[in-house]
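User: I'd like to learn how to read surface patches and pockets. Can you walk me through a case?

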Amino acid sequence: RITVQGPSCCVCKNAEINMLWAYSSCPETLMYGRFAKGIDDADIIAASAPKPIMFIAARYDDLFKIQSVRRFVKEVKAVFDIAGAGNKFVYFEDKAPHSYTLIQARQFAGFMNKYLLNDERRSLPEVGENDFTMIPYEELKCNPPPNADDMRTLTVKTALEARKKYQSKPVSVSKIKKLISWDKIALKPLSIKKGRNFYFSRKWIARQMLFCDKGQIELPAFYLFPIAGSKTMIVHFDDRNKYANVVAGGILSQTAGIYSKENVSSLLSVDLPGWGDTTPAMYPYEIYSWGAPDRFISYTTAANGDHIMAIRIRLACALIKSVRERMKYHGRIILTGRGGGGVVALHTALLMEKEIGCVAMWDTLWSYLSLAETEKYVWAADVFMPKILQFYDLPELMASLKVPVRAFNPILGDGCGVSADEIKNWQKKFPANVKIINCAENVLIRELSGVIYS
C-alpha cells in the first residue's frame with residue numbers, strides 16, 4: 001500500500017541511539033524481541049526496496065546524530081543498489097537542527113512529483129517562511145470519531161478476547177515460565193557479600209547485604225533478625241526501595257515484631273533491579289517529557305526479548321533459593337511486596353510454592369487488564385509485563401495459589417482503589433485461602449501478623 005516514503009529526522013542506528021545513548025524511543029517502535037532478533041531500523045527500511053524513499057536528516061540534530069545517520073544511510077543504500085533500485089533511494093541532508101523544515105518539505109514534494117505523480121517537471125513554489133505560517137491549533141487537531149479504534153482500544157479488545165480462554169482457570173507454572181523466559185537461566189542460589197552487623201538492641205541485629213550472580217547483577221538488601229533466632233522470615237520487595245516500609249516503625253518493622261515480646265520474624269528486604277539502590281542514573285535524553293529511567297529500562301528490555309519484570313521474578317526465585325542454601329534458613333518464608341514488588345512476590349510464590357508459607361501484598365496493581373483499559377495510568381513503565389494478558393491476569397494468579405494469599409488495598413491502573421463491590425464479587429470466586437482487604441495501616445499490620453503468626 002505504501003508507494004513513496006519520506007522519513008525526516010527520525011531514524012539512525014538502533015544499536016547506537018537505543019543501546020549506547022540510552023534513548024527511549026516510542027514503545028510501539030520497540031516491538032517485543034526485535035533487538036534479540038537483530039532487527040534494526042536499517043533492516044526495516046532496506047526491506048522496502050525497491051519502493052522509492054527520500055531519507056531526510058538534519059545536520060545539527062541533537063537527537064538523531066548525523067554521524068550515525070550517515071552510517072545508517074550507507075547500509076540502506078547498499079541494499080537498494082543490490083536490488084537495482086539505487087536511483088530510488090535519495091538522501092537529503094538539511095543544514096538544520098531537529099525539525100521538519102520548509103526546505104525539507106519542498107525537497108520531498110519534488111520527490112513525490114517524480115515517483116508518485118510521474119511528473120518531475122511539475123513546478124514547486126519557492127520557500128518563504130512568511131508564506132507558510134502555522135494554521136491555528138484547533139484546525140491541526142485530528143478529532144477522530146468517538147468510537148474509532150486506536151492502539152490502546154485495540155489492545156483492550158485483544159486482551160478481552162484472550163481472557164475468555166483463561167478466565168477462571170488455574171495459572172500453571174509452565175505458563176509463567178514461558179512468559180518470563182525461565183529457560184534463559186539455570187536456577188542457582190546467589191552468592192552473598194555480608195556487611196557489618198549492627199547490634200542496636202539486646203534482641204536484634206541489623207545487617208547490610210549484597211546478593212550477586214555471575215552476570216554481575218547485584219541486589220542490595222537490608223537484613224534484620226532476632227539474636228535468639230526466628231521461626232519465620234519475611235522476604236520483601238518494594239518498587240520504591242528496601243527501607244520504605246521499614247523506617248519509622250513501618251509496616252514491615254512492626255510486623256517483624258520490633259515492639260513485640262513474643263511474635264518475631266527475621267526480615268530480608270531486597271532492592272530488585274531498577275528499584276531502590278539499583279535505580280538507574282538519569283541519562284541526558286530523559287530530561288525530555290517523553291523520557292524517564294523506567295521507560296528506558298522497560299522498553300529496551302522488552303525489545304531485547306527479556307523484560308525487566310521477568311528478570312526481577314527470576315532473581316526473586318534465585319533469592320529464595322539463596323535464603324535456603326546460602327543463608328541456611330530452614331524456617332517458614334513469608335513473601336511480601338508493595339507496589340510493583342507485589343507483582344513479583346505473587347509470581348515468585350507460585351514458582352517457589354514449596355518454599356513459601358504465605359504471600360501478602362499491599363498497594364499493588366490489581367490487574368493488568370485495568371492497566372490496559374485506563375487512558376491515564378499512574379504506574380511506572382517498568383511494571384508493565386509484555387504478553388501477560390495472553391496467558392493470565394493477576395486475579396487468576398492469586399486464585400491459583402494454595403498458600404494463604406492476602407492482598408491489601410489493591411490499586412487499579414488509573415491509581416484508584418478497587419471498589420468494595422468488585423472485591424465482594426471477586427471474593428466469591430476466590431478459594432478460601434485468598435482474601436482481598438481494603439483497610440487502614442493498623443488493620444493491615446494486624447491482619448498480616450495474624451496470617452504470619454497463626
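User: Is Met282 buried or exposed, and why?

Analyst: Met282 counts as exposed because its relative accessibility is 52%; buried means under 20% relative accessible area, exposed over 50%, partly exposed in between, with a 1.4 Å probe and protein chains only. This is a predicted model: local features need pLDDT of at least 70, side-chain atom pairs count only at pLDDT 80 or more, and totals for chains, interfaces and linings use all residues. Residues are numbered from 1 along each chain as its sequence is written, and side-chain values use heavy atoms, with hydrogens and water left out.

User: Where does Met282 sit?

Analyst: In the loop between strand 7 (266-270) and helix 9. Helices (H or I, at least four residues) and strands (E, at least two) are DSSP runs numbered from the N terminus.

User: Which residues join Met282 in a nonpolar surface patch?

Analyst: Ile287, Tyr288 and Trp290, and the patch comes to about 440 Å². Patch members have over 30% relative accessible area and no salt bridge, with nonpolar side chains joined within 5 Å; a salt bridge puts a Lys or Arg side-chain nitrogen within 4 Å of an Asp or Glu carboxyl oxygen.

User: And what about the largest pocket, which residues lie nearest its centre?

Analyst: Rolling a probe the size of a water molecule over the atoms shows where empty space is left. Here the lining has 34 residues, with Pro27, Glu28, Met151, Thr155 and Phe384 nearest the centre. Helix 6 gives the largest share of that lining, 6 residues.

Key
1 Å grid on protein atoms, 1.4 Å probe; cavity = no way out; pocket = protein on both sides within 12 Å on 5 of 7 lines; lining within 4 Å. Patch = residues over 30% accessible without salt bridge, like charges linked within 9 Å, V, L, I, M, F, W, Y side chains within 5 Å. Areas by Shrake-Rupley, 256 points an atom, 1.4 Å probe, with all protein chains shown as cover.
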